Amino acid sequence: MDLTIHLPVLQVIVPMLAAPFVLLLKPRGLAWAGATSVALLSFCIALSMAVTVAGGGHFSYDMGGWPAPYGIELSVGAFSALLLLIVTGAGALSLLAARPSVDQQIEQERQPLFYAAWLLVLAGLVGITVSADAFNIFVFMEISSLASYVLIAGGPDRRALPAVFKYLIMGTIGATFYLIGVGLVYMMTGTLNLADMEARIGGVTDINPILVAAGFITIGLALKAAVFPLHVWLPNAYTHAPHMVTVFLAACATKVAIYVLIRFDFFVFQANLPGHQLQFSLFLLPLALLGILVASSVAMFEGHLKRLLAVSSVAQIGYIMLGASFLTQAGLLASFAHMFNHALAKGGLFLAVACLAIHYRDLRLDQLAGAARSMPLTAAAFVVCGLSLIGIPGTAGFISKWLLIGAALERGFLGFVLVAIILVSSLMALVYIWRVVETLYFKPAVVEAQGPGEAPLQLLLVTWVVALANIGFGLFPQFPLALSSAAAELLLGHTL
Amino acid sequence: MNLLELLGYFNYWVFAIVLSVGLYTVIAKVNLVKKLIGLSIFQSAVFLMYITMDKVEGGTAPIIQKGVENQVFSNPLPQVLILTAIVVGVSTLALGLAIVVRISECYGTIEEDEILDAD
């Protein structure tokens, strides 16, 4: 039997079915080992699909053998393959590193529950990515959201609870808006399959419900994706979550929502609604720019290390949306490359924060002064990933910023304004990363570290693997760029 | 649009009103339980929209019987979809209430402004 054709469905059901078994692994450390091996297996599945897709392949899978417009279809093209790599890579690497930090933050008897919820988040996120059915995407979105509320609230910090409550309210409103939009489209077209919707929308008698649906879906998913100004749930939720959960979610959770937003819009709406491309562009471009500028300026004055990085994520989402709002091959390429590179940079930064948090309970900047003297390797990894976030040549962040500037310059005079904004916000990133570096390296220590020396080897090793990946993909970006480029072609091919 | 046409959309008007009431409650109330009640109302409105759109006048359950022909059926798919969405809504509500219980244990209050003051 050829297993290859079953890869899209295995991608989802392996973590989903493994979750209840992880619950049973009570002995110390077993739950972690089980969850980690499942996540690594998911990563291998995603990698093998990505290799096939990068070679021009495409996966399509009919659930239960029911053919596409009637049954539920799973499909993996270049765009989904890129996202799968980000999600499973973030899931596997953060789980690999998780044990020391989780042992510190989560009681032993609750750990199986914690890791089971982690696998459910992973299953939900990959489910969203592989599904080609609008309602299925909603269900997977709720699976991943509900499980991630559990993860965020699972830590010892009581401030996580109001934060997660706010996330739950806003996330549910976002998902319900998406559900209303899907309902309106279904009402007019009678189908839930994205490709079939695209084909049928052209023939509907009344276009107004579809326009309303486009509005609901865009706003709902923008809420989930924390696009400025709908990002208010994000900073607190990421700040007070357990440190490893922040690593995982910051690297991939919002990007999956952006993926659905872009995919839905390009596949279903742009080809069929007159003037929709301009509306999409004019709606998202100002929001992206505001997000970049406002969030970067807030990050410059933020005193808590985790919140600083979380707010910076809002600005980075702005870059991703900016590229997408250009609606050109170059813009989409930059946008997708930035999804990948930002996941690397921000994942690495939060891993370094998790290392610091092993010995420093209070992560406000003034409490971390001089930490580089007791934890030199952690601080160095933070610097490498920070350079990538700023976009220094030789790091992954540089590649996508460079592509974004190139895409902006195609826009004529407006392009120069955009390039100026990108450069200013990169300088702002330099300022806020430098504030952390200055604190870690050059300020006299205020608080003594609670333990001697470096973070545990397991955590430190993964942090450095990610930091080196930032340099590696900065020097040899071919593979993610090939996937991003194919993804951009795929999306634009639909609108022509 | 005359009155009859407006009345013909009765369910959709109810949908819009209930949706707004729910959303308003979520935004305006400071008590966390009341916010969750608003969220439930908000989601119920969507259930109504899905159920309304599948109803075909004179339509019955889609079961094929011997000897009965030209029977009109209501579309069963939205009902199945909304059954799933109801399950999702119930789990969201349960999780939300669980979080409220823990907030109440940790902070001694479930009023949003008092929680903000406590930190």
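## A walk through a predicted two-chain model

Let us start with A:Ala486, which sits in helix 19 (residues 478-495) of chain A. This is a predicted model, so please read each value below as computed from it. With a relative accessibility of 30%, A:Ala486 is classed as partly exposed, because buried would require under 20% and exposed over 50%. Its C-alpha lies 15 Å from that of A:Leu327, and the two residues are 159 apart in sequence.

Elsewhere in chain A, strand 1 (residues 59-62) has two faces: A:Phe59 and A:Tyr61 are on the covered one, A:Ser60 and A:Asp62 on the uncovered one. In a regular strand, side chains alternate between the two faces of the sheet. Strand 1 of chain A runs antiparallel to strand 2 (residues 73-76) of chain A, and four bridges join them. One of the partners is A:Glu73 in strand 2, which pairs with A:Asp62.

Next come the charged pairs. Over all chains, a search of the whole structure finds eight salt bridges. Three of them are listed here.

| Salt bridge | Closest N to O |
|---|---|
| A:Asp157 and A:Arg159 | 3.2 Å |
| A:Arg307 and A:Glu302 | 3.7 Å |
| B:Lys35 and B:Glu112 | 3.8 Å |

The pair B:Lys35 and B:Glu112 ties together parts that are 77 residues apart in sequence, since B:Lys35 belongs to helix 3 (residues 32-54) of chain B and B:Glu112 to helix 5 (residues 112-118) of chain B. B:Lys35 is buried at 8% relative accessibility, while B:Glu112 is partly exposed at 28%. In chain A, A:Glu302 is buried at 15% and A:Arg307 is partly exposed at 22%. For the remaining pair in the table, A:Asp157 is partly exposed with 23%, and A:Arg159 is partly exposed with 36%.

How many salt bridges cross the interface of chain A and chain B? The rule finds zero there. The contact itself involves 29 residues of chain A and 35 residues of chain B. About 2800 Å² is buried between the two chains, with carbon and sulfur atoms giving 82% of that area. On the chain A side, A:Arg158, A:Phe165 and A:Tyr186 lose the most area to chain B, together 23% of what that side buries.

Finally, chain B carries a nonpolar surface patch of about 970 Å² accessible area, with B:Leu3, B:Tyr9, B:Trp13 and B:Val21 among its members. Helix 1 (3-8) and helix 2 (10-28) of chain B each supply at least two of the patch residues. B:Leu4, also in the patch, is found in helix 1 of chain B and counts as exposed at 70% relative accessibility.

Key. Residues are numbered from 1 along each chain as its sequence is written. Chains are lettered from A and ligands numbered from 1 in the order in which they are written. This is a predicted model: local features need pLDDT of at least 70, side-chain atom pairs count only at pLDDT 80 or more; totals for chains, interfaces and linings use all residues. Side-chain values use heavy atoms; hydrogens and water are left out. Patches are made of residues with over 30% relative accessible area and no salt bridge: like charges are joined within 9 Å, nonpolar side chains (Val, Leu, Ile, Met, Phe, Trp, Tyr) within 5 Å. Accessible areas come from the Shrake-Rupley method with a 1.4 Å probe; for residues, only the protein chains shown count as cover. A salt bridge is a side-chain nitrogen of Lys or Arg within 4 Å of a carboxyl oxygen of Asp or Glu. Buried means under 20% relative accessible area, exposed over 50%, partly exposed in between (1.4 Å probe, protein chains only). Two strands pair if DSSP finds at least two bridges between them. Contact means heavy atoms within 4.5 Å. Buried area is the accessible area (1.4 Å probe) that two parts lose on being put together, summed over both.
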